[in-house]
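Q: I have a new model on my screen and do not know how to read it. Can we go through it step by step?

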Amino acid sequence: MTAAGTAPATAPAVTAEAYAQILQFYAGHMQDLDTGAAEEWAEGFTEDGVFAQNVKPEPWRGRTHIATSMRRGLDRLAERGVQRRHWLSMVVATPADPVDGADDTVRTRYYAVVFETPRGGQASVYLSTTGEDLLVRRGARWFIKHREIFHDGA
Amino acid sequence: MTAAGTAPATAPAVTAEAYAQILQFYAGHMQDLDTGAAEEWAEGFTEDGVFAQNVKPEPWRGRTHIATSMRRGLDRLAERGVQRRHWLSMVVATPADPVDGADDTVRTRYYAVVFETPRGGQASVYLSTTGEDLLVRRGARWFIKHREIFHDGA
Amino acid sequence: MTAAGTAPATAPAVTAEAYAQILQFYAGHMQDLDTGAAEEWAEGFTEDGVFAQNVKPEPWRGRTHIATSMRRGLDRLAERGVQRRHWLSMVVATPADPVDGADDTVRTRYYAVVFETPRGGQASVYLSTTGEDLLVRRGARWFIKHREIFHDGA
């Protein structure tokens, strides 16, 4: 036990079941985004969800605003014929104080990278970021109540 | 419950146990590929497995054909001294109707990126793709019965 | 059963619980590294931990040496204003013979890629590697007893 003796205590982790659910929620959520389904993607936020980025002056507040803002971005991208892929990984998930009577409340910290490929062109890294979410579970579904994305290099 | 009230029902997810098994199957399967072990990699398909790509006119059909076709590709790559790494992540796994009396049958949708590094050179992104598999489990092992890969930008 | 009939036996896998713990350990460990917390990152090794790389003549031996060596590297990086992100994924984890009376002993093989973003600049792939760890669990915490990293292209 000496090896661990000097190490600080760590936060309790979520169960394997919750962790697998969260990874799959993130995967499906990003697949919605990258197929251009802004509205389905916005359904992954709570109705009062917040989406903040360190490169934007103001967060997007509420599912409706999130959907319409992302719709504009995706339409511009589609016009340019660029396919983006959002990879979200390296997820640390820790139980959080319950909010809004959710069945589960979890904080996550993670990395996200965006790859992009122009039509007929070469794939490349577009962006490297880190993120922090407050997630709530209602029944079998997870929702983002608060997301903050930090763009590297900004 | 209002937050979830307007959201569509989602497909049931596989268990954490199955999800962890599938992630590890994918990891080991790609490690086989990237070490040049085409035959071991082909063992990850069922004997009647199919490997289709949107950039190929015809799918590869059957484990033997898959092995010999991949062997040719890997040999060319080895001659050029290029090391590729296939990353497969962002996996959504959902239970599917049983096929061939398998112990488990699962559909997956995922992202895959290929990095490559020439000998003495710089790593870069070679390719961004998405994929869809039909997986079957027999005892402790998973197999790909059908795989379709969609290259971005094609 | 014919599909699996010709396939070789595979190593037993770790449980979903252990797999989720290991993925989260790796995520948190790399987050420590990329925020410049060399000392916290070094706490992820056992006191007698070893960190070897195929591009270094000698491994770093012992947590103290690992911490001071990484501190120098991170300080140089901070001076240059470069943000690196270490992604570790594609993890295969198999139970290993117990060492040092650990509660769990596991071998892993994985891929790791480093992205980097200069201040005000564009993200890119810096490095593609593979790795092999010997991990031990003491209570709720995982530690690296031995890590070997193989840089692609070296």
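A: Start with the vocabulary: helices (H or I, at least four residues) and strands (E, at least two) are DSSP runs, numbered from the N terminus. This is a predicted model, where local features need pLDDT of at least 70, side-chain atom pairs count only at pLDDT 80 or more, and totals for chains, interfaces and linings use all residues. Residues are numbered from 1 along each chain as its sequence is written, chains are lettered from A and ligands numbered from 1 in the order in which they are written, and side-chain values use heavy atoms, with hydrogens and water left out.

Q: In what pattern do the elements of chain A follow each other along the sequence?
A: The pattern is α-α-α-β-β-α-β-β-β-β. That gives chain A 4 helices and 6 strands. The C-alpha atoms of chain A fill a box of roughly 60 × 35 × 30 Å, taken along the principal axes.

Q: What share of chain A is buried?
A: Buried means under 20% relative accessible area, exposed over 50%, and partly exposed in between (1.4 Å probe, protein chains only). In chain A, buried residues make up 58% of the 154 residues.

Q: Where is Thr117(A) found, and which residues is Thr117(A) in contact with?
A: Contact means heavy atoms within 4.5 Å. Thr117(A) is found in strand β4 of chain A. Leave aside its neighbours within four places in sequence. Thr117(A) then contacts Gly81(A), Val82(A), Gln83(A), Gln122(A) and Ala123(A), and also Ser128(B), Asp152(B) and Gly153(B). Thr117(A) is buried, with a relative accessible area of 2%.

Q: How many residues do chain A and chain C bring to their contact?
A: Chain A gives 34 residues and chain C gives 34 residues. Buried area is the accessible area (1.4 Å probe) that two parts lose on being put together, summed over both. For chain A and chain C the figure is about 2,600 Å², with 60% of it on carbon and sulfur atoms.

Q: How many salt bridges are counted between chain A and chain C?
A: A salt bridge is a side-chain nitrogen of Lys or Arg within 4 Å of a carboxyl oxygen of Asp or Glu. The count here is 1. Arg85(C) pairs with Asp152(A), and the closest N and O atoms are 2.8 Å apart.

Q: Which elements of chain A supply at least two residues each to the side that touches chain C?
A: They are α1 (2-5), α2 (16-34), β3 (82-95), β4 (104-118) and β5 (124-138). The largest share, 7 residues, comes from β3(A).

Q: How are chain A and chain B related?
A: Lay one copy on the other. Copies are superposed by least squares on the C-alpha atoms of residues with pLDDT of at least 70 in both. Chain A fits chain B with an RMSD of 0.0 Å, by a turn of 120° and a shift of 0.0 Å along the axis. The two copies are thus related as by a three-fold rotation axis. Of the residues of chain A, Ala16(A) comes closest to the rotation axis, at 3.5 Å (C-alpha).

Q: What surfaces do these copies use?
A: Chain A and chain B use different surfaces: 15% of the contact residues of chain A recur in chain B.
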